[in-house]
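Thank you all for making time this morning. I would like to walk you through one model, slowly enough that anyone who has not seen it before can follow along on the screen.

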Amino acid sequence: PYTLVNLAVSYMNRDDYREAQRYAAEALAAEARVHGTESAMYGSVLRLYSQVYEGLGHADSADAMIRTAVSLLERVLGTEHPDYWRAMGVYAQHRL
């Protein structure tokens, strides 16, 4: 999934959110197959995917996805972990 995530980020950096969405979806599916939907990496990919949705103008979907990511990362990693706080930062950006 890491390569797919890197491709999604690369397309996001080019403001090509359609292509980013393609790779984020593949990364999420791959992570679910490999580690399941209760893994920290799954939560991190959800965070990325929420940013893609935000870039596509789908604020409601982005908000729902980042809420899911924050909740998952809190359960799996705890509130002291940097990945949890990265997700909280994205959540805060969605709220602005």
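Let me begin at the start of the chain, with Pro1, which sits in the segment that comes before α1. Please keep in mind throughout that what we are looking at is a predicted model. Pro1 has a relative accessible area of 28%, and so it is classed as partly exposed. If we set aside residues up to four places away in sequence, Pro1 touches Ala27, Ala30 and Glu31. We can also compare Pro1 with Asp15, which is 14 residues apart from it along the chain, and there the C-alpha atoms are separated by 21 Å.

Now to the first pair of helices. α1 and α2 pack with their axes 8 Å apart, at an angle of about 160 degrees, and that angle makes α1 roughly antiparallel to α2. The crossing of these two, α1 and α2, is left-handed. On the α1 side the contact is made by Leu4, Val5, Leu7, Ala8, Tyr11 and Met12, and on the α2 side by a set of residues including Tyr17, Tyr23, Ala24 and Ala27. Divided by character, the residues of the contact of α1 with α2 are 12 nonpolar, no polar and two charged.

Staying with α2, we can turn to its other partner. α2 and α3 pack at an angle of about 160 degrees, with 9 Å between their axes, and the two helices are therefore roughly antiparallel to each other. Here, too, α2 passes α3 in a left-handed crossing. Among the α2 residues that meet α3 are Ala24, Leu28 and Ala32, while the α3 residues that meet α2 include Val45, Leu46, Tyr49 and Val52. The contact of α2 with α3 is made up of 16 nonpolar, three polar and two charged residues.

That brings me to the interior. In soluble globular proteins, nonpolar side chains tend to be buried together. In this model the largest nonpolar core has 30 residues, and the members that touch the most others are Leu46, Tyr49 and Val52. Which elements give two or more residues to this core? They are α1 (2-13), α2 (17-35), α3 (40-56), α4 (59-77) and α5 (82-95). The largest share, nine residues, is contributed by α3. To take one of these core members by itself, Leu46 is in contact with Leu28, Met65, Thr68, Ala69 and Leu72, once its neighbours within four places in sequence are left aside.

Not every residue I want to show you in α3 is nonpolar, so to speak, and Ser44 is my example, since Ser44 is found in that helix. Is Ser44 buried or exposed? Its relative accessibility is 13%, and because the cut-off for buried is under 20%, Ser44 counts as buried. Not counting residues up to four places away in sequence, Ser44 touches Leu73 and Asp83.

My last stop is Ala64, which lies in helix α4. With a relative accessible area of 42%, Ala64 is partly exposed. How far from Ser50 is Ala64, taking their C-alpha atoms? The two residues are 14 residues apart along the chain, and their C-alpha atoms are separated by 8.1 Å.

I will leave the model on the screen, and I am happy to go back to any of these places.

How values were computed: Residues are numbered from 1 along each chain as its sequence is written. This is a predicted model: local features need pLDDT of at least 70, side-chain atom pairs count only at pLDDT 80 or more; totals for chains, interfaces and linings use all residues. Side-chain values use heavy atoms; hydrogens and water are left out. A nonpolar core is a set of buried Ala, Val, Leu, Ile, Met, Phe, Trp, Tyr and Cys residues joined through side-chain atoms within 4.5 Å. Buried means under 20% relative accessible area, exposed over 50%, partly exposed in between (1.4 Å probe, protein chains only). Helices (H or I, at least four residues) and strands (E, at least two) are DSSP runs, numbered from the N terminus. Contact means heavy atoms within 4.5 Å. Axes are lines fitted to C-alpha atoms, for helices over the stretch in contact, and angles run from 0 to 180 degrees between N-to-C directions. Angles under 35 degrees count as roughly parallel, over 145 as roughly antiparallel, 65 to 115 as roughly perpendicular and the rest as oblique. A crossing is left-handed if the near helix is turned anticlockwise from the far one by less than a right angle, and right-handed if clockwise.
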